[in-house]
Amino acid sequence: LAAVRERERQDQRLVRLTAILEIAARWQQTHEMSALLEQMAETSTRLLGPERATIFLWDKPAKLLVGRPAMGVEGNELRIPDHVGIVGQCVHTGQARRVDMDVESEQGEVDRRVDQQLKFHTKSLLCVPLRGRSGELFGAFEVINKIGGNFTDGDLEALTELAAHAAVALENTQQVEELLHSRKQITDDAAGRVQMIGSCPPIEALRSTIRRVADTDLAVLVLGENGTGKEVVAQMIHY
């Protein structure tokens, strides 16, 4: 019997790991934070069978935990102080936490104010930390209310493995978004310094031409006498 149970456990773990590898490969292709968080929540719900899943990112300067997706909250985003509830304990200690529905002492640790915000009642809960490549804690992955009972040691193992892949994908996506934001700022600043002065028909026609060619991948040759503004036109097309 012990051997059969161990074999069954290993088979279940193999199925989970195969699914996690497929999921991780898909996550690496997603570079938009909201879409990535939605994918992660959907994946954990499918693999572990909770009623809800939320990924909390830690805004340390503001001492806030920002959870998404958060069903029942305006904007699908939940903001809570980083010291409250099971999630707060998880990000501060770096330790996974599990709450069973039949353990009164653990139930007392659940922050019911969050339940009120979500219009939801937490009965069982599993929460694991999210760590970056350097080992720094930057959030937590939480699943709530296991359908059909309490979360198991196998669920904890699976969520921990899922969180490890999720942390890498989230870190990559944050870096991409920061780079895009910086690039946009630099481009906007540079574009703001380029102006074509004038409102006569030839200037307006030139502006119209610039707008048409700017959205294409065409190579553009700008012709004109010295001092007529070829560089200004080139910069406007570029920015």
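The largest nonpolar core, meaning a set of buried Ala, Val, Leu, Ile, Met, Phe, Trp, Tyr and Cys residues joined through side-chain atoms within 4.5 Å, has 28 residues, where buried stands for under 20% relative accessible area with a 1.4 Å probe and protein chains only. Trp27, Met40, Ile55, Leu130, Phe141, Leu159 and Leu170 have the most contacts inside this core. Two or more core residues come from each of the elements in the table, which are DSSP runs numbered from the N terminus (helices H or I, at least four residues; strands E, at least two).

| Element | Residues |
|---|---|
| helix 1 | 2-27 |
| helix 2 | 33-48 |
| strand 1 | 50-59 |
| strand 5 | 125-131 |
| strand 6 | 137-146 |
| helix 6 | 153-192 |

Helix 6 gives the largest share of this core, 8 residues. Another core, of 21 residues, lies apart from it and includes Phe56, Ile86, Leu125 and Cys127.

The model is predicted, with local features needing pLDDT of at least 70 and side-chain atom pairs pLDDT 80 or more, while totals for chains, interfaces and linings use all residues. Residues are numbered from 1 along each chain as its sequence is written, and side-chain values use heavy atoms, with hydrogens and water left out.

Leaving aside neighbours within four places in sequence, leucine 170 is in contact (heavy atoms within 4.5 Å) with Met33, Leu36, Leu37, Met40, Ile55, Leu57, Leu130 and Phe138. The largest pocket (on a 1 Å grid over the protein atoms alone, an open set of points where a 1.4 Å probe fits, with protein on both sides within 12 Å along at least five of seven lines; lining residues have an atom within 4 Å of a point) is lined by 18 residues, and helix 7 supplies the largest share, 5 residues.

Conventions. Buried means under 20% relative accessible area, exposed over 50%, partly exposed in between (1.4 Å probe, protein chains only).
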